[in-house]
Amino acid sequence: MPRILAIDYGQKRVGLAVTDSEQIIASGLTTVHAKDVINYLKQYVTKEKVSAFVVGEAKNLDNTPAESARFIEPFVRRLLKEFPY
């Protein structure tokens, strides 16, 4: 079964986590520089089957978008462009 890859996008660093092959347990994978994340993901998906990306939303405690949300949306658009499947 393919894995699910979770992305915690930040302006400088991006945290990545991935499920096991049974999609039961997620574990931290690595942290990469924001400018390198797309290339890292391209390399990763050539080695491992990934069925979905999950990108965390930045929210304040009152559930409004956090200031960093404005950086996440362009990343998600780029992610969809690079990985349209």
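**View 1. Exposed surface of the chain in the predicted model**. The chain exposes about 6,000 Å², with 52% supplied by carbon and sulfur atoms; accessible areas follow the Shrake-Rupley method with a 1.4 Å probe. Buried residues, meaning those under 20% relative accessible area (1.4 Å probe, protein chains only), account for 27% of the 85 residues. In this predicted model, local features need pLDDT of at least 70 and side-chain atom pairs count only at pLDDT 80 or more, while totals for chains, interfaces and linings use all residues. Residues are numbered from 1 along each chain as its sequence is written, and side-chain values use heavy atoms, leaving out hydrogens and water.

**View 2. Order of elements along the chain**. From the N terminus on, the elements run β-β-β-α-β-α. Helices (H or I, at least four residues) and strands (E, at least two) are DSSP runs, numbered from the N terminus. The C-alpha trace spans about 35 × 25 × 25 Å along its principal axes.

**View 3. The open sheet of four strands**. Its strand order is 3-2-1-4, with mixed pairing; two strands pair if DSSP finds at least two bridges between them. Strand 3 (26–33) and strand 4 (50–55) are the edge strands, each pairing on one side only.

**View 4. Strand 1 beside strand 4**. Strand 1 (residues 3–9) and strand 4 run parallel and are joined by five bridges. Arg3 stands opposite Val50 in strand 4.

**View 5. Helix 1 on the sheet**. Helix 1 (residues 37–47) packs on the sheet and touches strand 1, strand 2 (13–19), strand 3 and strand 4; contact means heavy atoms within 4.5 Å. The direction of helix 1 makes about 135° with that of strand 3. Axes are lines fitted to C-alpha atoms, for helices over the stretch in contact, and angles run from 0 to 180 degrees between N-to-C directions.

Note on methods. Buried means under 20% relative accessible area, exposed over 50%, partly exposed in between (1.4 Å probe, protein chains only).
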